[in-house]
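Trainee: Could we go through this model together, one point at a time?

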Amino acid sequence: MDMALLSNILAAYSFVSENPEGAALYFVSGVCIGLVLTLAALVMRISCHTDCCQHSQKFLKDQESSSNSSDSEDGSLDAASDISVRRHRRFERTLNKNVFTSVEELERAQRLEERERIIREIWMNGQPEVPGTRSLNRYY
């Protein structure tokens, strides 16, 4: 067992020393494939989590409506349009969500933004003129 491991390590070392470009290509390809698989797993986890939350909320709403009035039934939309409507509503909620919880935080953020703008203007105006760029300013 130990000798097989040692011989495999020596074989890998000899391959890398004989073909450094090939070994680098295999390494970079492996890293890229790993990153793509990780990204796919994260996307699947996020989408499944939101779908499961929506499904559980729908299930709870259905149970509440059936317990409140069992004989009144509305016309039901098909599942695909219902999901797309919910996603659109969720997107609108995220757009309309107020990020700042208080007026003080909003004012602080506005002051910080104004301060950054002033610093940026000072930095841009404080740069020395490089000879030759003055003639380019006429054309651009």
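Mentor: Let us fix one term before the questions: buried means under 20% relative accessible area, exposed over 50%, and partly exposed in between (1.4 Å probe, protein chains only). This is a predicted model in which local features need pLDDT (the predictor's confidence in each residue, from 0 to 100) of at least 70, side-chain atom pairs count only at pLDDT 80 or more, and totals for chains, interfaces and linings use all residues. Residues are numbered from 1 along each chain as its sequence is written, and side-chain values use heavy atoms, with hydrogens and water left out.

Trainee: Which class of accessibility does Cys48 fall into?

Mentor: The relative accessible area of Cys48 is 38%. Since the class in between runs from 20% to 50%, Cys48 is partly exposed.

Trainee: Which residues do the salt bridges join into one network?

Mentor: With a salt bridge taken as a side-chain nitrogen of Lys or Arg within 4 Å of a carboxyl oxygen of Asp or Glu, the count comes to 2. Arg117 pairs with Glu114, their closest N and O atoms being 2.3 Å apart, while Glu121 pairs with Arg117 at 2.5 Å. Shared partners link these salt bridges into one network of Glu114, Arg117 and Glu121.

Trainee: How far apart are the end C-alpha atoms of residues 23-44?

Mentor: An unreviewed UniProt entry places a "transmembrane region" at residues 23-44, although such annotations may be inferred rather than shown by experiment. In the model this span is 100% helix and 0% strand, and its end C-alpha atoms lie apart by 31 Å.

Conventions
Helices (H or I, at least four residues) and strands (E, at least two) are DSSP runs, numbered from the N terminus.
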